[in-house]
Amino acid sequence: MMAASTRAQVLSLYRMMLIESKKFPSYNYRTYALRRVRDAFRANKKVEDPKTVERLMLEGQQTLALIQRQLTLKIESKL
C-alpha cells in the first residue's frame with residue numbers, strides 16, 4: 001500500500017496537471033493533454049514500488065513544467 005503522504009502528492013500532481021491542461025486555448029491541444037494525463041495515471045495506478053513511484057512522480061513534475069512552459073509560450077505569442 002502506498003504511504004498516505006505519497007498518495008496525497010500523487011493526487012496533487014494529477015490535479016495540477018489536469019488544471020494546467022484545461023488552460024490550453026486550442027480544443028485539440030486541450031483534449032490531447034487531458035487524455036494523456038488521465039491515461040498515464042490510469043496506466044500506473046497499480047504501481048506500489050517506492051522507487052518506481054518516485055521516478056513516475058519526477059516524470060510527472062517534468063511534464064507539468066512542460067505544460068506550463070507551453071501555456072506561457074501560447075499566451076506570449078498572442079500578445
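**Entry 1: the fold**

I began with secondary structure and counted three helices and zero strands in the chain; both are DSSP runs numbered from the N terminus, with H or I of at least four residues for a helix and E of at least two for a strand. Reading along the sequence, I get the pattern α-α-α. A reminder to myself: this is a predicted model, where local features need pLDDT of at least 70 and side-chain atom pairs count only at pLDDT 80 or more, while totals for chains, interfaces and linings use all residues. Residues are numbered from 1 along each chain as its sequence is written, and side-chain values use heavy atoms, with hydrogens and water left out.

**Entry 2: overall numbers**

I looked up the extent next: the C-alpha atoms fill a box of roughly 45 × 20 × 15 Å along the principal axes. Of the 79 residues, 22% count as buried (under 20% relative accessible area, with exposed over 50% and partly exposed in between, using a 1.4 Å probe and protein chains only). Then I checked contacts (heavy atoms within 4.5 Å). Among those between residues at least 6 apart in sequence, 64% join residues at least 24 apart.

**Entry 3: H1 against H2**

How do H1 and H2 pack? I find helix H1 (residues 4-21) and helix H2 (residues 27-43) at an angle of about 165°, with axes 9 Å apart. The axes are lines fitted to C-alpha atoms over the stretch in contact, and angles run from 0 to 180 degrees between N-to-C directions. That angle makes H1 roughly antiparallel to H2 (over 145 degrees; under 35 is roughly parallel, 65 to 115 roughly perpendicular and the rest oblique). I also noted that H1 passes H2 in a left-handed crossing, meaning that the near helix is turned anticlockwise from the far one by less than a right angle.

I then listed who meets whom. From H1 come Val10, Leu13, Tyr14, Met17, Leu18 and Ser21, and they meet Arg30, Ala33, Leu34, Val37, Arg38 and Phe41 in H2. The residues of this contact divide into nine nonpolar, one polar and two charged (Ala, Val, Leu, Ile, Met, Phe, Trp, Tyr, Cys and Pro count as nonpolar, Asp, Glu, Lys and Arg as charged, and the others, Gly among them, as polar). I picked out Val37 for a look: leaving aside residues up to four places away in sequence, Val37 touches Tyr14, Met17, Leu18 and Ser21.

**Entry 4: the core**

Which residues make up the largest nonpolar core? I have ten: Val10, Leu13, Met17, Leu18, Leu34, Val37, Val47, Val53, Met57 and Leu64. Such a core is a set of buried Ala, Val, Leu, Ile, Met, Phe, Trp, Tyr and Cys residues joined through side-chain atoms within 4.5 Å. H1, H2 and helix H3 (50-78) are the elements that give two or more residues to this core. H1 gives the most, with four. As a general note, nonpolar side chains tend to be buried together in soluble globular proteins.

**Entry 5: some partly exposed residues**

Buried or exposed, or in between? I tried Leu56, found in helix H3, and at 21% relative accessibility Leu56 counts as partly exposed. Leaving aside neighbours within four places in sequence, Leu56 is in contact with Asn44 and Val47. From Leu56 to Tyr27, 29 residues along the chain, the C-alpha separation is 27 Å.

Thr52 has its place in helix H3, and I read a relative accessible area of 22%, partly exposed. Leu66 is found in helix H3 as well, and its relative accessible area is 41%, so Leu66 is partly exposed.

My last stop was Ile19 in helix H1, partly exposed at 45%. Ile19 and Thr63 are 44 residues apart in sequence and 13 Å apart in space, C-alpha to C-alpha.
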